[in-house]
Amino acid sequence: MRILTVCGSGLGTSFMVEMNIQQLLSEMGVNGVEVDHSDLGSATPERADVFFLAKDIAEGGASLGNVVVLDNIIDLNELKTKLTAVLKEYNLL
C-alpha cells in the first residue's frame, strides 16, 4: 500500500504529515506501507493508493482518488483515527 501526503508546495506540511504517519505506523506495528510526500501539482492518481491532504487544498485534490482530508494537520489524534480507518479498509489492521 502507498500513501502520499500532499500540500501546496510539497515541502513543510506534507513532509510533517508523512513523518507523523510513519511514526504512527511504527507505533501500531504496521509494515508494508510506503509513505511519501508531494506538492499538489505533482500528485497523480497513480502515485498512491491513498492521499492525505489538508482541508484547504482538498478541493484541488478531489480527482486523485481515495483522499483523506485532515481538518487539522497537527492533530495527531485526528491523524491516527483517519489512518486507522484507512488501514482497516486495506486489511492491514
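A salt bridge is taken here as a side-chain nitrogen of Lys or Arg within 4 Å of a carboxyl oxygen of Asp or Glu. The structure is a predicted model, and by this rule the count in it comes to three salt bridges.

One of the three joins Arg47 to Asp36, whose closest N and O atoms are 3.9 Å apart. This pair links distant parts of the chain, since Arg47 sits in the loop between β2 (34-39) and β3 (50-54) whereas Asp36 belongs to strand β2, 11 residues apart. Arg47 has a relative accessibility of 31% and therefore counts as partly exposed, and Asp36, with a relative accessible area of 37%, is also partly exposed.

The other salt bridges bring us to helix α2 and to Lys82. The side chain of Lys82 meets that of Asp71 in a salt bridge of 3.8 Å, N to O. Because Asp71 lies in the loop between β4 (67-70) and α2 (76-89) while Lys82 lies in helix α2, the pair ties together parts that are 11 residues apart in sequence.

Lys82 also forms a salt bridge with Glu78, and here the closest N and O atoms are 2.8 Å apart. Both Lys82 and Glu78 lie in helix α2, four residues apart, which is about one turn of the helix. Glu78 has a relative accessible area of 12%, and because buried means under 20%, Glu78 is classed as buried, whereas Lys82, with a relative accessible area of 23%, is partly exposed. Taken together, Asp71, Glu78 and Lys82 are linked in a network of salt bridges.

Conventions. Residues numbered from 1 in each chain as written. Predicted model: local features only at pLDDT ≥ 70, side-chain atom pairs only at ≥ 80, totals over all residues. Heavy atoms only, no water. Helix = DSSP H or I, 4+ residues; strand = E, 2+ residues; numbered from the N terminus. Buried < 20%, exposed > 50% of the residue type's maximum accessible area, 1.4 Å probe, protein only.
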